Amino acid sequence: MAVGTDRVNTDFDTVVVGGGIIGLCASWFLAEEGVAVLCIDDGRDAGSVANAGSLHVQMQSRMDRLFPQRVADYEKTLSIYPRAVDYWLEIGQRLEQDIEISIGGGLMIAEDQDQVKRLAEKCRRERKHGVETELIEKTELLRMAPYLTRDVCGAVYCANEGKVNPLLANSAIRRAVIEYGGTILTGSRVNDIDQSRDGFVVASDAGRFRTRRVMIAAGVGTGSLVAGLGIRLPTTAEPLHMNITNFAVPFMKHLLQHAESALTMKQLNNGQLVIGGGWPAQPARESGAPGILLDSLIGNISLAQHVVPGISDLHIIRSWAGINTMLDLVSVLGEVEAIPGLYIAVPGDAGYTLGPYCARLVIDQMLGRAPDYPLSPFSVMRFA
Amino acid sequence: MTERELTIVFDGKRVSCCAGDTVAAALTAAGELSLRETHDGGDRGLYCGMGTCQECLVTVDGRPGQLACMTTVGDGMTVERNPHRAPLSVGATPKPARDRVTAEPEVLVVGGGPGGLIAASVAAESGAEVVVLDERASVGGQFFKQPRSMSRKPLRLDRQFEDGRRLIERVTRSGATLVSNAQVVGAFANRELLARDGNAVRVYRPQRLIIATGAYERSPPFPGWTLPGVMTIGAAQTLLRGHGVCPGQRILIAGNGPLNAQVALELSKAGADVVSVLELAPVHRPRAVKPVMRMLATEPGLTTAGIKGLAQLRLAGVTLRSGCGIAAVEATASGLRATFGHASSEGIQAQESTAVDAVCLGYGFLPNNELLRMLGCRHRYDAERKQLIVERRDDCQTSLDGVFAIGDCCGLGGAVTAMHEGTIAATSVARSLGLDISNVADREVQRAKRRLARHSAFQAALWSLYAAPRFDTELATADTPICRCENVTLQQLDDALAEGFLSLAEIKRQTRLGMGSCQGRNCATIALSRLAGKTALTPDEYAFFAARAPLKPVRIGELVGPAAD
């Protein structure tokens with residue numbers, strides 16, 4: 001694979017930069033249709049490999065806090081989330097390996113009447129934008145989820161939320177790429193992308209590649225890559241904290257969230273409980289891996305035990321941090337108008353949920369088909 | 001050390017035991033070896049005996065996931081085999097998280113073994129305010145562990161016990177605060193350490209930090225190495241020296257190094273039938289003369305004690321078969337059957353087999369450096385020993401100012417080395433704190449430096465005598481678990497390598513190797529060796545699994561919830 005810097009490799013029709021969930025899915029879909037595709041990944045600042053596999057549909061509680069001025073635009077594209085979950089189910093069927101998708105429904109719980117009121121309002125807005133959620137009152141909630149604290153006051157239920165095992169999914173999709181004849185090059189960084197007469201030259205640690213089309217799905221690295229082509233895209237890294245327990249008896253089928261505090265909880269098929277929800281981690285050190293913060297470890301676990309008291313005898317066996325790519329809540333998807341042949345795919349909030357569907361939409365556009373969901377809200381030009 | 005007899009109930013059966021027993025000691029004495037079930041219905045039992053491997057988990061008084069080797073028995077305690085999947089706790093509604101207590105000692109020593117205790121003594125005697133955190137019920141570490149349940153069988157108190165007792169007396173007199181049963185959860189930004197003990201969760205913000213976390217044992221995986229009754233030599237020694245319990249009646253010892261013969265002699269004196277000591281190194285050849293002369297010149301006392309020990313072992317009728325190793329263990333109706341034979345660099349020939357109750361493995365140690373790595377101390381990879389070695393200055397200070405590392409967590413050298421390094425580090429710590437070190441420590445530090453140099457020469461000669469093939473995956477077959485926690489076999493590891501995954505992190509995500517409760521302590525070096533052997537990879541500091549909090553599994557209720565009931 002490695003080529004000398006003086007020779008330009010011309011074997012690939014399309015180069016996909018980034019081997020996370022979007023890049024792998026895009027490479028799979030292209031290879032499946034006979035396109036000579038190279039997926040190149042540097043193995044740094046990875047999001048997908050550290051992801052915990054929540055499939056989110058309803059609006060997460062931190063949106064209003066983080067981007068109050070962007071919530072209106074974000075809401076308009078809410079209907080992409082249920083479709084993205086449906087698409088996960090579709091690819092799950094097509095993959096040879098079981099990737100443990102389960103759609104057990106999602107609960108966002110409230111602990112006081114003020115939170116209930118806000119959840120009711122959130123529900124109204126979600127339904128208006130085509131996302132089916134419903135407000136559940138305390139008695140019904142405790143019947144559905146007897147593991148919850150008695151302090152709970154109500155919740156929003158969203159039937160099509162769930163989870164997937166990202167370890168299995170990433171690995172199965174990678175195999176699919178290779179099986180269909182795609183090429184994956186890991187551990188090599190793409191340093192520069194130049195426009196040439198009839199396409200692009202992608203310069204990487206493993207040599208240069210001349211190609212007709214480039215798709216950049218490099219998460220937080222996307223911004224600096226497209227900057228060289230004169231495109232503004234402010235991708236920022238948000239290192240987030242996660243925890244996992246030992247194996248427990250199956251008791252939680254829901255994806256659990258909190259109306260006000262940073263918390264997600266779900267139980268993997270093997271019984272392990274994954275606890276997260278957006279607690280910060282330390283930016284990457286020399287080792288390339290982000291570090292763990294004391295307050296996040298204690299804060300996250302305290303909140304989890306408060307909401308689900310029965311977990312107090314489980315053990316935290318590991319914590320880790322992954323990089324979430326922050327945009328302005330809304331994805332950037334599709335061909336860059338000013339540079340034909342250049343495609344960007346950076347998902348907005350809940351990128352792992354959106355990954356396969358976003359890859360599908362962009363590949364359809366690339367191959368001249370009408371995407372299943374309008375790409376107009378996702379143009380990169382909004383940052384120009 | 002009371003005479004009191006206690007009773008616990010294990011899976012419905014009454015088991016009598018002694019005050020001071022660990023659950024592991026009590027159950028081993030009662031012949032109960034299978035302590036937990038794996039996801040596929042397999043059995044596991046006591047393995048490392050020191051809270052590292054997470055294999056001996058039991059349910060204690062309804063609370064799952066407790067380490068049998070670290071839990072002290074109480075009268076009427078109910079112990080059950082640990083289920084693979086823990087039930088939720090019922091009843092108690094946890095109170096909101098406790099306030100964290102912070103402590104800001106001048107000097108924090110992590111690890112109460114020989115090195116940590118000397119360092120704490122010297123620092124405290126110089127007037128420093130010192131706290132020692134130790135994860136066991138009583139200090140002393142693996143080397144100086146003291147008898148805890150002596151009523152079972154009178155154990156002759158030897159020199160090692162006596163030296164340990166004196167050291168513990170010295171540290172107690174020095175004014176250092178000893179905190180037992182203390183688990184360090186992790187190290188965080190600004191050098192904050194989070195630790196929990198029986199009473200509280202505390203954040204330590206020490207001015208100086210001395211890490212003396214010791215080592216844990218390694219073994220190459222081979223068929224049957226996960227069976228209950230197969231344990232490390234250290235686990236066996238803790239059962240015996242701490243509790244007067246032998247791991248079984250008929251015992252086979254296998255591995256490499258002088259510790260195996262020492263424990264064989266101790267077990268034999270305690271009445272066990274030590275079938276054989278299988279020593280990988282061909283120690284009884286003429287080539288032994290030169291190293292032994294060198295050892296006599298540098299550490300005559302230790303050397304003559306070793307030679308005397310080997311003679312006593314022979315007199316006791318225990319055969320030491322050099323150039324031999326263990327190939328496999330299988331479970332039989334009445335216990336275990338071990339297969340063994342001649343060792344070469346390719347592996348071990350299965351030539352003979354014998355029925356035993358227990359197999360003790362002593363293949364040497366790995367530095368327990370996770371806390372050092374979590375702190376961010378720079379390490380280098382030692383290609384010969386296949387482990388990370390922390391970088392240190394002359395005074396044992398690491399690449400981080402004010403963080404010192406001593407003893408076996410720095411790359412192994414034994415208890416004597418650890419003690420000399422403890423003196424050197426503590427003197428530097430005291431000096432840097434502006435304390436007067438003229439009285440004892442200055443003399444002591446000169447002596448320590450001289451003795452350390454001599455002892456290093458002794459160690460070099462000793463290990464040239466015991467030089468043997470280093471096995472990683474050579475003894476495993478395709479279906480041998482490499483990762484004990486997640487039961488990942490050699491075949492699965494090789495499949496991942498064949499698929500092109502070329503880092504330990506990728507292999508972990510692909511196979512779950514290293515993803516279990518021991519955090520890869522057993523399998524990381526073994527898998528990395530396989531990986532390096534099949535590729536051009538040269539391991540470095542970042543080739544290992546990232547060290548992450550919690551260092552060892554921590555119960556949620558203990559970390560954040562109300563105090564234990």
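**Entry 1. Contact between chains A and B**

I began with the contact between the two chains in this predicted model. I found 36 residues of chain A in contact with 37 residues of chain B. I then listed which elements of chain A give two or more residues to the side that touches chain B: these are α7 (166-179), β14 (236-247), α9 (294-307) and β18 (315-326) of chain A. The largest share of that side comes from α9(A), with 7 residues. Sorted by class, the side of chain A that touches chain B holds 20 nonpolar, 13 polar and 3 charged residues.

I next looked up strand pairing across the two chains. β18(A) is joined to strand β32 (residues 554-555) of chain B by 2 bridges, and the two strands run antiparallel. Within this pairing, H315(A) has R555(B) in β32(B) as its bridge partner. β18(A) is thus noted twice: it is among the elements that give two or more residues to the side of chain A touching chain B, and it pairs with a strand of chain B.

**Entry 2. Chain A as a whole**

I recorded the secondary structure of chain A as 10 helices and 20 strands. For overall dimensions, I noted that the C-alpha trace of chain A spans about 70 × 40 × 35 Å along its principal axes. I checked the radius of gyration against the expectation for a compact globule: with 384 residues the expected value is near 21 Å, and chain A has 21 Å, so the two agree. Of the 384 residues of chain A, 56% count as buried. I also looked at contacts in chain A with a separation of 6 or more; residues 24 or more positions apart account for 71% of them.

**Entry 3. G368(A)**

I asked where G368(A) is found; it lies in the segment after α10 (351-366) of chain A. Is G368(A) buried or exposed? I counted 6 C-beta neighbours inside 10 Å, and G368(A) therefore counts as exposed. I also took the separation between the C-alpha atoms of G368(A) and I178(A), which are 190 residues apart along the chain, and obtained 24 Å.

**Entry 4. The open sheet of chain B**

I turned to chain B and traced an open sheet of 5 strands in the order β11-β10-β9-β15-β29, with parallel pairing. The edge strands are β11 (177-179) and β29 (403-405) of chain B, each of which pairs on one side only. Neighbouring strands of this sheet are turned against each other by 15° on average, with direction ignored.

I looked up what packs on the sheet. Helix α2 (residues 114-125) of chain B touches β9 (107-110), β10 and β15 (208-211) of chain B, and its direction makes about 170° with that of β10(B). Helix α9 (residues 414-432) of chain B also packs on the sheet, touching β9, β15 and β29 of chain B; its direction makes about 175° with that of β15(B).

I then followed the pairings strand by strand. Strand β10 (residues 130-133) of chain B pairs with β11(B) in the parallel sense over 3 bridges, and V132(B) stands opposite L178(B) in β11(B). β9(B) is joined to β10(B) by 4 bridges, again parallel. On the other pairing of β9(B), 4 bridges link this strand to β15(B) in the parallel sense. V109(B) has V132(B) as its bridge partner in β10(B) and I210(B) as its bridge partner in β15(B).

I checked the cover of β9(B) and found both faces covered: V107(B) and V109(B) on one side, and L108(B) and V110(B) on the other, are all buried. I also noted that β9(B), α2(B) and β10(B) make a right-handed β-α-β unit.

**Entry 5. Strand β18 of chain B**

Lastly I examined strand β18 (residues 250-255) of chain B, which is mostly covered, with 5 of its 6 residues buried. β18(B) runs parallel to strand β19 (residues 273-279) of chain B, and 6 bridges join the two. I251(B) has V274(B) in β19(B) as its bridge partner. From β18(B) the chain crosses through helix α5 (residues 258-269) of chain B to β19(B), and I recorded this β-α-β crossover as right-handed. β18(B) is also joined to strand β25 (residues 358-362) of chain B by 5 bridges, and these strands run parallel. Here L252(B) has V359(B) in β25(B) as its bridge partner.

Technical notes
Residues are numbered from 1 along each chain as its sequence is written. Chains are lettered from A and ligands numbered from 1 in the order in which they are written. This is a predicted model: local features need pLDDT of at least 70, side-chain atom pairs count only at pLDDT 80 or more; totals for chains, interfaces and linings use all residues. A residue is buried if 20 or more other C-beta atoms lie within 10 Å of its own, exposed if 12 or fewer, and partly exposed in between; C-beta atoms are placed from the backbone. Two strands pair if DSSP finds at least two bridges between them. A crossover is right-handed if, with the strands pointing away from the viewer, the path from the first strand over the helix to the second runs clockwise. Axes are lines fitted to C-alpha atoms, for helices over the stretch in contact, and angles run from 0 to 180 degrees between N-to-C directions. Two residues are in contact if their C-beta atoms, placed from the backbone, lie within 7 Å. Ala, Val, Leu, Ile, Met, Phe, Trp, Tyr, Cys and Pro count as nonpolar, Asp, Glu, Lys and Arg as charged, and the others, Gly among them, as polar. The radius of gyration is taken over C-alpha atoms; the globule rule is 2.2 Å times the number of residues to the power 0.38.
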